[in-house]
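Hi everyone, thanks for coming along. I'd like to walk you through a structure today, so have a look at it on the screen before I start.

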Amino acid sequence: MSLFAKRRVSLRITLLVPNKILRFAQHDRDRVGAPACIWPVEDVVLLLMKAKPTSMRPATTKALGKCAVLGFGGQGAAIALNLRDSGCEVIIGLPTDSKSRRKARQAGFAVANVSRAVASAQTIVFAFPDHCHQNTFAKEIVDQLHPEQILVFLHGASVSFSLVAPPAEVDVVMLAPHGPGLSVREQFVAGNAEMSAFWAIHQDTSGKAKKRLMAFAKAIGISGRGKLFETTFDDEAVGDLFGEQTVLCGGLTELIHAGFTTLTEAGISADNAYLEVCYQLDLIVSLIKRFGIEGMYQRISVAAKYGSLKTGPKLIDAGVKKRMRAALKEIQSGAFARELSALTPVQLKKLEKDLKKMTSPEFEKAAKKFRESC
Ligand SMILES: NC(=O)c1ccc[n+]([C@@H]2O[C@H](COP(=O)([O-])OP(=O)(O)OC[C@H]3O[C@@H](n4cnc5c(N)ncnc54)[C@H](OP(=O)(O)O)[C@@H]3O)[C@@H](O)[C@H]2O)c1
């Protein structure tokens, strides 16, 4: 039985929650654009999860040395907690005015500014937003790097599009989890290492980059047969950006919302429309993941099969593929990554506002109703 399989979940909420945190979490439940001191419920849940104390084999923690996790958001908090529970020494690197400093300290971590954290550690984890990498790397990281260090990226774009240029004396690797930080932590705590990830090596100066990368993967709970897929920084960067823009996030939400408004504009109730075009999506995706597209079609009604073939290809036609190719070109050329890195604070604020255009109050109302009642 693996080390992770032996671990049991233990959610000792009442004992471990500082009252203040819990209050913030409850208060936050339905807020949008919450002020700095209010933490999203997910963050609080993440901090409350306790893994059974354990430690990795000394060789694993030795391969990593002291770890600086830069950022304490979705991935950063999960990875820092998992590393610590695996017996690694961890320091969190955050800007001096970061809202996350308090959260990291309350979770019991040492916190320093980014340059000090980088200088003090052997393994440096880039767990902060990609659009900040270029600036932060140039101003606070590059001058602190020294031989023997390993830089771990969680996404390939910054290296692939040359937004950062690590010096030759450090190892540079990537471990890109196939899921959000909350799942990285949940699965570590539960001891069911379901999460998979892409891995790649960009620079192997020490000759031990793969060994160190695998030690990192194990320490954060992503390991075992069939869990790690080798790729390159370039392929991961392009594939990830393309997937989220055209299918997983951008494309999917447009499709759902177009279906929803087509039905409601034709007089069908919002609840009914939501149940038909969104609520069942995960069940269909689950069938596709388990049995393939062909297997999914074998398991739905004749009407659904016939209608899919009649309408699907007309809807997602050659024009969609043409526009997908245009999006791909923009990603491959690095134009998208450069545009992202150049976003100003004002533009980032506007982005949050503009995202509301991807949905509508009617849709959100129906989604909330079924979220709460089911
Ligand atoms: N999210 C995912 O599902 C996912 C999956 C796979 C890989 N990844 C990759 O993981 C990395 C982190 O993504 P994420 O979604 O976890 O990020 P995130 O949650 O948006 O990161 C936010 C954290 O980074 C801090 N931060 C902001 N600017 C910083 C800077 N200049 N230096 C240090 N810390 C800074 C924030 O502090 P404040 O609180 O002050 O803002 C906050 O603690 C990215 O490379 C991403 O592509 C993400």
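Let me begin with a question for the room: is the crossing of helix 6 and helix 11 left-handed or right-handed? It is left-handed. Before I go further, please keep in mind that this is a predicted model.

Let's stay with that pair for a moment. The axes of helix 6 and helix 11, the latter covering residues 181–190, come within 7 Å and cross at roughly 20 degrees. An angle under 35 degrees counts as roughly parallel, and therefore helix 6 and helix 11 are described as roughly parallel to each other. Who meets whom? On the helix 6 side you'll find Gly74, Gln75, Ala77, Ala78, Ile79, Leu81 and Asn82, and they meet Gly181, Leu182, Val184, Arg185 and Phe188 of helix 11. Sorted by class, the residues of this contact are 7 nonpolar, 4 polar and 1 charged.

Helix 6 turns up again when we look at the ligand. There are 27 residues around the ligand, and the ones that come nearest are Gly71, Gly73, Ser98, Ser100 and His155. Two elements give two or more residues to that shell, namely helix 6 (74–85) and strand 6 (171–177). Which of them contributes the largest share? That's helix 6, with 3 residues. As for chemistry, the shell has 14 nonpolar, 11 polar and 2 charged residues.

Strand 6 takes us to the sheet. Here 8 strands form an open sheet with mixed pairing, and the order is 3-2-1-4-5-6-7-8. At the edges stand strand 3 (110–112) and strand 8 (228–230); each has a single partner strand, so one side of each is left without a neighbour in the sheet. On average, and ignoring direction, neighbouring strands are turned by 25 degrees against each other.

If you zoom in on strand 4 (residues 123–126) and strand 5 (residues 150–153), they run parallel and are joined by 4 bridges. For a landmark there, find Val125, which stands opposite Val152 in strand 5.

What lies across this part of the sheet? Helix 12, residues 209–219, lies across strand 4, strand 5, strand 6, strand 7 (197–203) and strand 8. Helix 12 runs at about 35 degrees to strand 6.

I have two more helix pairs for you. Helix 13 (residues 233–248) packs with helix 18 (residues 318–332) at an angle of about 140 degrees, and their axes are 10 Å apart. Helix 13 and helix 18 are therefore oblique to each other, and their crossing is right-handed. In this contact, Val238, Leu241, Phe242, Gln245 and Thr246 of helix 13 meet Met324, Ala327, Leu328, Ile331 and Gln332 of helix 18. The residues involved divide into 7 nonpolar, 3 polar and no charged.

The last pair is helix 15 (residues 270–279) with helix 21 (residues 361–373), at an angle of about 80 degrees and with axes 9 Å apart. That makes helix 15 roughly perpendicular to helix 21. Helix 15 brings Ala270, Asp271, Tyr274 and Tyr279, which meet Glu362, Phe363, Lys365, Ala366, Ala367, Lys369 and Phe370 of helix 21. How many charged residues take part here? There are 4, alongside 7 nonpolar and no polar ones.

That's my tour. Thanks for listening, and I'm happy to take questions!

How values were computed:
Residues are numbered from 1 along each chain as its sequence is written. This is a predicted model: local features need pLDDT of at least 70, side-chain atom pairs count only at pLDDT 80 or more; totals for chains, interfaces and linings use all residues. A residue is near a molecule or strand if its C-beta atom, placed from the backbone, lies within 6 Å of it. Ala, Val, Leu, Ile, Met, Phe, Trp, Tyr, Cys and Pro count as nonpolar, Asp, Glu, Lys and Arg as charged, and the others, Gly among them, as polar. Two strands pair if DSSP finds at least two bridges between them. Axes are lines fitted to C-alpha atoms, for helices over the stretch in contact, and angles run from 0 to 180 degrees between N-to-C directions. Two residues are in contact if their C-beta atoms, placed from the backbone, lie within 7 Å. Angles under 35 degrees count as roughly parallel, over 145 as roughly antiparallel, 65 to 115 as roughly perpendicular and the rest as oblique. A crossing is left-handed if the near helix is turned anticlockwise from the far one by less than a right angle, and right-handed if clockwise.
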